[in-house]
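Open the model in your viewer and keep the selection panel at hand. The stops below go from one pair of residues out to the sheet, then to the charged side chains and the whole chain.

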Amino acid sequence: MHRTLDLRGAVPAAAPPVAPAARGLVLAESGLETVPGWVARLGQLQMLDLAHNRLTVVPDELAALVRLDVLYLGDNRLMAVPAAVRAFRALRYLSVADNAIAVLPEWLGELTALVELRAQGNRVAELPQSLRGLTALRELHLRANRLRAVAPVVATLPRLRVLDVRANGLAALPDELADAPALDKLDLRWNDFRALPAVAKALADRGCFVLW
């Protein structure tokens with residue numbers, strides 16, 4: 001079984017002797033304002049948890065961690081999705097939830113292995129067209145952002161099963177969403193709908209679980 005090194009609350013200035021053997025590293029809940037330099041040298045890491053800290057940036061050097069398939073960056077102070085994330089082509093799970101991110105980068109669509117993307121609790125107002133590249137994506141979590149519309153590109157995702165757009169400013173849905181091939185849960189609560197949109201009704205009629 002792969003070893004996970006849990007250093008939450010007690011992150012050392014230098015890498016512990018056991019670090020090179022670790023496949024997972026937990027530095028969450030540690031009050032970090034910067035990521036220790038030694039983390040970028042652990043090229044064997046497959047999981048990195050930096051959530052619940054005070055990070056405003058993530059160093060570009062972390063791009064060396066090309067084996068990462070799970071990355072937690074939630075509940076920090078990030079203004080943008082870190083550029084280093086672009087290098088993580090094996091990434092299956094990414095959380096940038098509860099930060100201050102206003103824009104999802106165009107290169108996000110290059111992360112074609114992504115199965116789950118959590119970007120709730122940010123300031124995102126629109127979605128990039130490049131999302132169509134996320135052909136493995138099954139869950140997209142966008143609750144509590146600043147969306148005024150759901151981009152039709154979401155309907156092109158062939159494996160998307162869960163779409164959570166609660167607590168945005170939505171008043172309508174794109175017609176294309178009715179044809180989203182795999183969607184089986186759509187959460188529309190706490191938006192500006194006065195009645196169930198026809199698109200959502202069509203989804204519900206085919207068996208999609210719609211909350212509004």
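**Stop 1: a facing pair**

Select Glu116 and Glu139: Glu116 stands opposite Glu139, which is in strand 7. The model is predicted, so local features need pLDDT of at least 70 and side-chain atom pairs count only at pLDDT 80 or more, while totals for chains, interfaces and linings use all residues. Residues are numbered from 1 along each chain as its sequence is written, and side-chain values use heavy atoms, with hydrogens and water left out.

**Stop 2: the sheet**

Now select strand 6 and strand 7 (residues 139–141), which pair in the parallel sense over three bridges. Two strands count as paired if DSSP finds at least two bridges between them. Strands themselves are DSSP runs of E with at least two residues, helices are runs of H or I with at least four, and both are numbered from the N terminus.

Extend the selection to the open sheet of ten strands, where the order is 1-2-3-4-5-6-7-8-9-10 and the pairing is parallel. At its edges are strand 1 (4–6) and strand 10 (209–211), each of which pairs on one side only. From one strand to the next, the twist averages 5°. The angles here run from 0 to 180 degrees between N-to-C directions, with axes as lines fitted to C-alpha atoms, for helices over the stretch in contact.

**Stop 3: Asp187**

Go to strand 9 (residues 185–187) and select Asp187. Is this residue buried or exposed? Asp187 counts as buried because its relative accessibility is 3%; buried means under 20% relative accessible area, exposed over 50%, and partly exposed in between (1.4 Å probe, protein chains only).

Show its surroundings next. Apart from neighbours within four places in sequence, Asp187 is in contact with Leu163, Asp164, Val165, Arg166 and Leu211, where contact means heavy atoms within 4.5 Å.

Add Arg166, whose side chain meets that of Asp187 in a salt bridge (3.3 Å, N to O). A salt bridge is a side-chain nitrogen of Lys or Arg within 4 Å of a carboxyl oxygen of Asp or Glu. Arg166 lies in the loop between strand 8 (162–164) and strand 9, and Asp187 in strand 9, so the pair ties together parts 21 residues apart in sequence. Both Arg166 and Asp187 are buried. Select Asp164 and Arg189 as well: salt bridges that share partners join Asp164, Arg166, Asp187 and Arg189 into one network.

**Stop 4: other salt bridges**

The whole structure has ten salt bridges. One of them joins the side chains of Glu110 and Arg86 (2.7 Å, N to O). Glu110 is in the loop between strand 5 (93–95) and strand 6 (116–118), and Arg86 in the loop between strand 4 (70–72) and strand 5, so this pair ties together parts 24 residues apart in sequence. Glu110 is partly exposed at 26% relative accessibility, and Arg86 is partly exposed at 38%.

Then select Asp6 and Arg8, whose side chains meet in a salt bridge at 3.0 Å, N to O. Asp6 is partly exposed, with a relative accessible area of 42%; for Arg8, also partly exposed, the value is 39%.

**Stop 5: the whole chain**

Zoom out and colour by secondary structure: one helix and ten strands, in the pattern β-β-β-β-β-β-β-β-β-α-β along the sequence. The C-alpha atoms fill a box of roughly 60 × 30 × 25 Å along the principal axes. Of the 212 residues in the chain, 51% are buried.
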